[in-house]
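Here are some worked exercises to try with the model open beside you. Have a go at each task before reading its solution.

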Amino acid sequence: MSTRTGNLAAALDLQPSRAEANERLRAVIGRLSRRLRPTLAGSGLTPSQISVLFTVVRLGPIGLSELAAIESLNATMLSRITAQLCDAGLIVRSSDPGDRRSANVSATAAGRRIRERIHRERTRALSAHVEQLDEQQREALWAALPVLEQLAERLRP
């Protein structure tokens, strides 16, 4: 067991093997996410811009304060990102009808199309690599999906 894993196990009050498994899970999720990020459709956008766009498409129209909380961004950074997405024609900003001091953002048709293209590219890239796994590995991966989906729900902000 590495010192780092031992320290993590002690800090989390876990058995070293569980701490190591949790660390490996976190690391592999991060690697998968980073490796699926690059796409032709989203090549002109930063990862933060893509994340904000995806959230706006999924939940919009959405208020800027709610969007900032979901994306874990400060108001200044969110303002910059939404301005860039507005300039690119991917989202539009409007006054909140219930409170003129607040603003909402919603996706444009172009923003929704970009999101769909990015999703298709990422799914194709992942599918190509999953198909290279043997049948037993694919079955193990599919069997883990419900647990991973539950975990993702529990990690929601």
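**Warm-up: charged neighbours**

Glu-116 has a relative accessible area of 38% and is therefore partly exposed, where buried means under 20%, exposed over 50% and partly exposed in between (1.4 Å probe, protein chains only). Before going on, please note that this is a predicted model, in which local features need pLDDT of at least 70, side-chain atom pairs count only at pLDDT 80 or more, and totals for chains, interfaces and linings use all residues. Residues are numbered from 1 along each chain as its sequence is written, and side-chain values use heavy atoms, with hydrogens and water left out.

**Exercise 1.** Find the salt bridges in the whole structure and describe the burial of each partner.

*Solution.*
- Step 1: Set the criterion: a side-chain nitrogen of Lys or Arg within 4 Å of a carboxyl oxygen of Asp or Glu. Side chains of opposite charge can pair when their charged atoms come close.
- Step 2: Search the whole structure, which gives two salt bridges.
- Step 3: Take Glu-116 and its partner Arg-115, whose closest N and O atoms are 3.2 Å apart. Arg-115 has 16% relative accessibility, so this residue counts as buried, while Glu-116 is partly exposed.
- Step 4: Turn to Arg-138 and Glu-135, which meet at 2.6 Å, N to O. Both residues belong to helix H7, three residues apart, or about one turn of the helix.
- Step 5: Assign burial here too. Arg-138 is buried because its relative accessibility is 14%, and Glu-135, at 44%, is partly exposed.

**Exercise 2.** Describe the fold of the chain in terms of its helices and strands.

*Solution.*
- Step 1: Define the elements as DSSP runs numbered from the N terminus, with helices (H or I) of at least four residues and strands (E) of at least two.
- Step 2: Count them: there are seven helices and three strands in the protein chain.
- Step 3: Read along the sequence to get the order α-α-α-β-α-α-β-β-α-α.
- Step 4: Add the burial total: of the 157 residues in the chain, 26% are buried.

**Exercise 3.** How do H3 and H4 cross?

*Solution.*
- Step 1: Recall that two packed helices are described by the angle between their axes and the distance between the axes.
- Step 2: Fit the axes as lines through C-alpha atoms, for helices over the stretch in contact, with angles from 0 to 180 degrees between N-to-C directions.
- Step 3: Apply this to H3 (residues 47–59) and H4 (residues 64–71): the axes come within 11 Å and cross at roughly 125°.
- Step 4: Classify the angle. H3 and H4 are therefore oblique to each other, since under 35 degrees is roughly parallel, over 145 roughly antiparallel, 65 to 115 roughly perpendicular and the rest oblique.
- Step 5: Give the hand: H3 passes H4 in a right-handed crossing.

**Exercise 4.** Which residues make the nonpolar surface patch, and which helix gives the most to it?

*Solution.*
- Step 1: Choose candidates with over 30% relative accessible area and no salt bridge, joining nonpolar side chains (Val, Leu, Ile, Met, Phe, Trp, Tyr) within 5 Å.
- Step 2: List the members: Leu-25, Val-28, Ile-29, Leu-32, Leu-126, Leu-141, Trp-142, Leu-145, Leu-148, Leu-151 and Leu-155 make a patch of about 880 Å².
- Step 3: Look at the helices. H2 (16–36) and H7 (135–154) each supply at least two residues, and H7 gives the most, with five.
- Step 4: Inspect one member. Leu-141 is found in H7 and is partly exposed, with a relative accessible area of 33%.

**Exercise 5.** Examine the backbone at Pro-61 and Ser-72, and the surroundings of Gly-42.

*Solution.*
- Step 1: Pro-61 sits in the loop between H3 and strand E1 (62–63). The peptide bond leading to Pro-61 from Gly-60 is cis, with omega near -5°.
- Step 2: Ser-72 lies between H4 and helix H5 (75–87), in a loop. Its phi is near 55°, a positive value in a residue other than glycine, and Ser-72 is exposed at 65% relative accessibility.
- Step 3: Gly-42 is in the loop between H2 and H3 and is buried, with a relative accessible area of 4%. Its C-alpha atom is 7.0 Å from that of Ile-114, 72 residues apart along the chain.

How values were computed
Patches are made of residues with over 30% relative accessible area and no salt bridge: like charges are joined within 9 Å, nonpolar side chains (Val, Leu, Ile, Met, Phe, Trp, Tyr) within 5 Å. Accessible areas come from the Shrake-Rupley method with a 1.4 Å probe; for residues, only the protein chains shown count as cover. A crossing is left-handed if the near helix is turned anticlockwise from the far one by less than a right angle, and right-handed if clockwise.
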